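Colleague: Got a minute to go through this one with me? I'd like to start with how the helices pack.

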Amino acid sequence: MQNFDYYNPTHIVFGQDRLAELDNLIPSDAKVLVLYGGGSVKRYGTLDKVKANLGARTVLEFGGIEANPKFETLMKAVDVVKAENVDFLLAVGGGSVMDGTKFVALAANVESDHSSILFHGFEPVPATTAVPLGCIATLPATGSEMNAFGVVTFNEQKYPFTSPLVYPKFSVLDPNFTFTLPKEQIANGVADAFVHVIEQYLTQPVNAKVQDRFSEGLLKTLIEEGPVTYQDNDNVEARKNFMWSATSALNGIIGVGVPQDWATHMIGHELTAMFDIAHGRTLAIILPSLLRARKSHKHAKLVQFAERVWDLTDGTDDEKIDAAIDKTESFFNSLDIVTKLSHYGIDETGIENVVTNMEKMGLTHLSETGDLTLDIVKDILMAAK
Ligand code: NZQ
Ligand code: ZN
């Protein structure tokens, strides 16, 4: 196992009907900006419930943060924060709203060149202050509610950023706010959480037994509870397990001291930016094809994945690996996620454009070992055609 630091200050408030606790979680004299997306939280009453629990605080609203939040939209929220001297941000929504709010938290304390926040990749943004923020998570998927990452679209490209300053002070995870999700968003969330675990687990073995077994537990839980919550919208217990799996998949705990891949995410982000495919779906297209292309590279962990996650114990190692990858793809398909690019109208020309764009973005050496080059990216995409 590699050396690591682990720090995660987010207070999780998990369970049904806990909104009244907002009063203790946000300073009583705070001027609060509530940020939300395209309107689901208004439509389904979540926003009113949140506001009713903010007591006598001054509360402002900023709606209209789109899925895959755009820099220009978020800068309008930054203007509100500055003009109104807002001192607490409350994100009510999915990953896009939470990520967008993190960007606003950093950008509101920057005088100029706000887009430069987006150009540090996975290195921390060199900021020293941010407006504190909290989250009411309405979509289990990204883990944004308990991590220090965000992804913002700028000039039609997706840029990840991170800073310890944007860990939410708290996140409320109440399954009641998720029952209005359309089915396909549940499927997207299951796929996203599954691939978050895989990108930290299915790399090179470093004898990190705790992280491996946490990861295997999360994958097994997603395989068990993902389809239940997808099929049965009223199953609160399945929903709770799915929610906590999604948060745990990317709150840092399984990623400490182990190599991390993230190639599926980097390729997937291009598919979202160029073809507007939902984040979770892009990952489900890329992952099976990537695992097939990297079979020998990831051999040891793929055997472990086959045996411990899919309970495949018969046959040779190669047979187990092939069966595990097929089962992974079928799992996504069982959630009505199509794992072929042609379904989304993407042909060879589209694939070449993806590769060209990745080259422009400097995404030329991906994976846990930095040896997944654009030639291999092209092979992966062609195999997913
Ligand atoms: O905008 P509204 O009207 O609220 O509708 C949203 C949106 O259309 C809807 N929705 C959310 N909660 C709902 C609901 N509809 C009904 N009932 C509810 N309770 O769902 C749609 C999708 O929402 P979005 O927030 O875009 O989805 P998700 O949570 O999957 O977030 C995706 C974003 O997160 C980024 C992705 O790149 C993408 O931009 N990611 C963030 C990460 C992080 N911060 O660590 C890691 C991830 O890998 C990912 O890259
Ligand atoms: Zn993701």
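Colleague: At what angle do H4 and H5 pack, and how far apart are their axes?

Modeller: In this predicted model, helix H4 (residues 71-84) packs on helix H5 (residues 95-107) at about 50 degrees, and their axes are 9 Å apart. Axes are lines fitted to C-alpha atoms over the stretch in contact, with angles from 0 to 180 degrees between N-to-C directions. Helices are DSSP runs (H or I, at least four residues), numbered from the N terminus.

Colleague: Which residues of H4 and H5 meet?

Modeller: From H4, Phe-71, Leu-74 and Val-78 are among them, and from H5, Phe-103 and Val-104 are included. Contact here means heavy atoms within 4.5 Å.

Colleague: New topic: what are the protein donors of the zinc ion (ligand 2)?

Modeller: Asp-192 (OD), plus His-196, His-265 and His-279 through NE2, lying 2.0 to 2.1 Å from the zinc ion. Donors are N, O and S atoms within 2.8 Å of the metal (3.2 Å for Na, K and Ca); water is not among the atoms, so sites may look incomplete.

Colleague: How are those donor residues spaced in sequence?

Modeller: The spacing is D-x3-H-x68-H-x13-H. His-196 in helix H6 (residues 183-201) and His-279 in helix H10 (residues 279-293) are 83 residues apart, so that pair links distant parts of the chain.

Colleague: Is His-196 buried or exposed?

Modeller: Buried, as is His-279; that means under 20% relative accessible area, with exposed over 50% and partly exposed in between (1.4 Å probe, protein chains only).

Colleague: And which helices help cover the buried residues of H11?

Modeller: H6, H7 (209-231), H10 and H12 (317-334) are included. Among the buried residues of H11 (residues 299-308) are Leu-302 and Phe-305.

Colleague: Any ground rules?

Modeller: Residues are numbered from 1 along each chain as its sequence is written, chains are lettered from A and ligands numbered from 1 in the order written. Local features need pLDDT of at least 70, side-chain atom pairs count only at pLDDT 80 or more, totals for chains, interfaces and linings use all residues, and side-chain values use heavy atoms, leaving out hydrogens and water.

Note on methods
Helices (H or I, at least four residues) and strands (E, at least two) are DSSP runs, numbered from the N terminus.
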